[in-house]
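User: Hi! I am new to reading protein models and would love a close look at one part of this one.

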Amino acid sequence: MGRAVTVATCALNQWALDFDGNLERILRSIEIAKHKGARYRLGPELEICGYGCSDHYYESDTLLHSFQVLAKLLESPAAQDIICDVGMPVMHRNIRYSCRVIFLNKHVEEYFLPRMIQEVTGQETVPFGDAVLATKDTCLGTEICEELWAPNSPHIEMGLDGVEIFTNSSGSHHVLQKAYIRVDLVNSATAKNGGIYILANQKGCDGDRLYYDGCAMISVNGDTVAQGSQFSLDDVEVLVATLDLEDVRTYRAEISSRNLLASRVNSYPRVKVNFALSCSDEICVSISEPIQWRYHSPEEEICLGPACWLWDYLRRSKQAGFLLPLSGGTDSSATACIVYSMCRQVCLAVKNGNQGVLTDVRRIVNEDTYTPEVPQEFCRRIFTTCYMASENSSQDTRNRAKFLAEQIGSYHINLNIDVAVKAVVGIFSIVMGKSPQFRVYGGSSRENLALQNVQARIRMVLAYLFAQLSLWARGMPGGLLVLGSANVDESLRGYLTKYDCSSADLNPIGGISKTDLKNFLQCCIENFQLTSLRSILSAPPTAELEPLADGQVSQIDEMDMGMTYAELSIYGKLRKVAKAGPYSMFCKLINMWKEICSPREVASKVKHFFRMYSVNRHKMTTLTPAYHAENYSPDDNRFDLRPFLYNSAWTWQFRCIDKQVSKLESKEAKPLCEDVD
């Protein structure tokens with residue numbers, strides 16, 4: 001009986017509907033796995049067509065082309081003498097399934113195969129359903145992605161039925177600190193039941209807001225023995241480990257409760273394969289030892305994840321770089337630092353010999369002999385920052401933007417928008433016969449807000465104009481992608497102008513809270529020596545859309561919003577993650593804030609938040625596609641499906657809050673009255 005088995009898992013940067021590229025990356029991963037001695041290769045979920053196909057899964061073309069790619073894999077010499085486990089969509093009895101297709105030397109093991117596959121394998125049918133794979137020396141069972149997270153994961157029953165190797169082809173996207181949960185689930189699966197767990201995952205941006213963060217891993221009996229990278233520019237990463245099956249059998253023998261349950265378990269159908277994962281000469285084989293998983297801090301994840309996402313988007317969109325309206329504030333500075341982090345990762349990948357990244361770089365900068373070595377120099381080629389001043393802008397923010405641009409190396413532009421603002425307002429005055437004024441000059445709140453919005457929207461128009469033509473003016477080819485910089489808290493509150501600089505092609509910080517962004521900037525000061533960020537962090541956040549007072553900023557974001565950013569983060573998590581409406585949020589917060597707020601004060605805060613949230617919810621329908629980093633994202637495209645037209649009075653809900661406040665206040669007052677009596 002064989003003992004030592006060598007298996008491979010991988011993280012692939014697949015792209016939705018990129019069948020040529022996906023096939024090439026799958027074949028490359030198989031070749032690497034074989035070269036490293038693996039006898040079994042596991043790939044991510046739906047790797048043939050790409051995970052993010054969304055409604056394209058309903059198209060017959062997606063199924064057709066997936067089978068065409070499968071035929072190419074079956075014919076390839078690279079896929080011989082190794083068990084290949086690939087993911088693709090399959091329609092069976094008019095139902096579409098996310099399937100694992102497992103094959104060995106063209107022989108796939110009662111589903112009627114398409115003719116193109118019959119011609120390759122000589123088979124008409126294969127088993128279809130929930131079964132396990134029995135080789136000469138062990139037994140393998142498959143989970144797909146979310147099944148690992150389910151309360152009754154299949155690996156439990158499989159393990160009791162004698163399955164020794166569990167595989168999971170995943171399409172698990174990044175959320176801040178999610179890696180802790182994923183790794184714990186995998187290690188726990190093998191700790192309580194014994195066994196080997198092999199996890200493969202998608203990596204990169206495959207065409208939407210998500211970034212798949214790799215983290216392929218192999219675990220045995222509760223210990224990690226192989227860890228893949230979480231953030232990497234490598235399109236193909238293969239992880240190989242050699243493990244002793246006797247370690248699994250010995251571990252299980254000592255779990256008496258498992259042995260009792262195993263005697264009663266329903267048996268899985270077994271597909272027998274005349275193939276062994278172990279080899280005959282296994283005495284001298286080195287067995288993989290447990291390792292300690294290295295986790296990234298939240299600040300490191302913000303630094304690396306959105307940067308990798310931007311790189312994939314840039315190279316796959318075939319644009320020449322990015323343009324960012326840089327205001328000198330926290331949010332736009334964080335976006336600039338993420339682009340700078342991307343440039344650092346690109347230079348590091350090229351230095352480490354990543355030919356694919358170098359090829360992409362040369363195409364982006366349109367120079368066949370160029371090699372990026374210094375991040376600032378590469379940044380200047382692909383990143384344009386623009387400070388758009390108005391009469392309401394301070395010299396401090398202008399200087400902060402300029403200093404940061406110098407340190408990261410971006411091509412920086414200073415311009416003034418006052419001429420355009422006056423022209424637009426002048427048109428209104430000519431047509432309507434009235435001239436709006438700021439509040440400080442006697443204008444109403446409506447006038448004050450409209451004048452702020454004009455400035456913000458003109459900046460958006462100018463951003464796109466410069467994105468299209470600034471490279472042309474500099475004698476360079478191509479156009480630029482416009483980056484936005486509205487954080488997740490401001491989007492939730494609606495503290496942004498619809499169709500302003502928050503309207504862009506991409507927003508790398510749209511799923512990240514203000515608090516986390518500040519921590520990220522502090523990390524950039526320490527790790528990137530970006531000393532310009534110190535003054536940015538110490539300045540109060542401001543939109544600078546209202547007139548200055550004696551040359552100093554008079555408009556402060558938190559005063560405008562009527563709430564702090566720290567409060568906004570709490571509201572966001574309660575609303576989305578805890579599924580709290582106004583009344584439930586009030587009930588939770590009177591306990592959370594009992595040391596700092598009275599029930600009536602809590603009620604006032606909750607009502608104000610829900611009024612502002614509901615009044616501004618319509619803005620989420622035009623929100624720039626943003627990197628998904630927080631579970632409380634208000635993005636209504638996928639993550640937060642709610643109305644955008646509310647009764648913002650919330651009469652019933654607020655009345656329930658008021659009744660509870662009255663009860664609490666009378667309860668507090670009653671003992672005082674009794675003491676007086």
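User: Which domains does the lining of the second largest cavity draw at least three residues from? Please take me through that spot and its surroundings.

Analyst: Happy to! Please keep in mind that this is a predicted model. Its average pLDDT is 92, and 97% of the residues score at least 70. One stretch to treat separately is residues 672-677, where the pLDDT is below 50. Beyond near neighbours in sequence, that stretch has zero contacts in the model.

Now to your cavity. Its lining takes at least three residues from each of domain 2 (299-412 + 457-561) and domain 3 (562-667). You can follow this in the list of lining residues: Leu 496, Thr 497, Lys 498, Tyr 499, Ser 502 and Ser 503 appear there, together with Lys 619, Thr 622, Leu 623 and Thr 624. The space inside comes to about 40 Å³. Sorted by class, the residues around this space are three nonpolar, five polar and two charged.

The largest cavity makes a good companion to look at, with a volume of about 50 Å³. Leu 623, which you met above as a lining residue of the second largest cavity, also lines the largest one. Other residues lining the largest cavity include Gly 510, Gly 511, Ala 626, Tyr 627 and His 628. Ser 633, Pro 634, Asp 635 and Phe 639 are among its lining residues too. By class, the lining of the largest cavity has five nonpolar, four polar and one charged residues.

Let's step back to the domains. Besides domains 2 and 3, the assignment gives domain 1, covering 4-284. The centres of domain 1 and domain 2, taken over C-alpha atoms, are 39 Å apart. Where these two domains are in contact, 21 residues come from domain 1 and 16 residues from domain 2.

Domain 1 spans 4-284, so its numbering also takes in some cysteines worth a visit. The structure holds zero disulfides. For Cys 10, the nearest cysteine sulfur belongs to Cys 84 and is 10 Å away, while a disulfide needs two sulfurs within 2.5 Å. Cys 10 counts as buried because its relative accessibility is 1%. What about Cys 139? Its closest cysteine sulfur is also in Cys 84, but 19 Å away, which is too far for a bond. Cys 139 is buried as well, with a relative accessible area of 5%.

How values were computed. Residues are numbered from 1 along each chain as its sequence is written. This is a predicted model: local features need pLDDT of at least 70, side-chain atom pairs count only at pLDDT 80 or more; totals for chains, interfaces and linings use all residues. Side-chain values use heavy atoms; hydrogens and water are left out. Buried means under 20% relative accessible area, exposed over 50%, partly exposed in between (1.4 Å probe, protein chains only). pLDDT is the predictor's confidence in each residue, from 0 to 100. Contact means heavy atoms within 4.5 Å. On a 1 Å grid over the protein atoms alone, a cavity is a set of points where a 1.4 Å probe fits but cannot get out, and a pocket is an open set with protein on both sides within 12 Å along at least five of seven lines; lining residues have an atom within 4 Å of a point. Grid points are joined across faces, edges and corners, and a volume is the space filled by probe spheres set on the points. Ala, Val, Leu, Ile, Met, Phe, Trp, Tyr, Cys and Pro count as nonpolar, Asp, Glu, Lys and Arg as charged, and the others, Gly among them, as polar. Domain bounds come from an automatic or database domain assignment.
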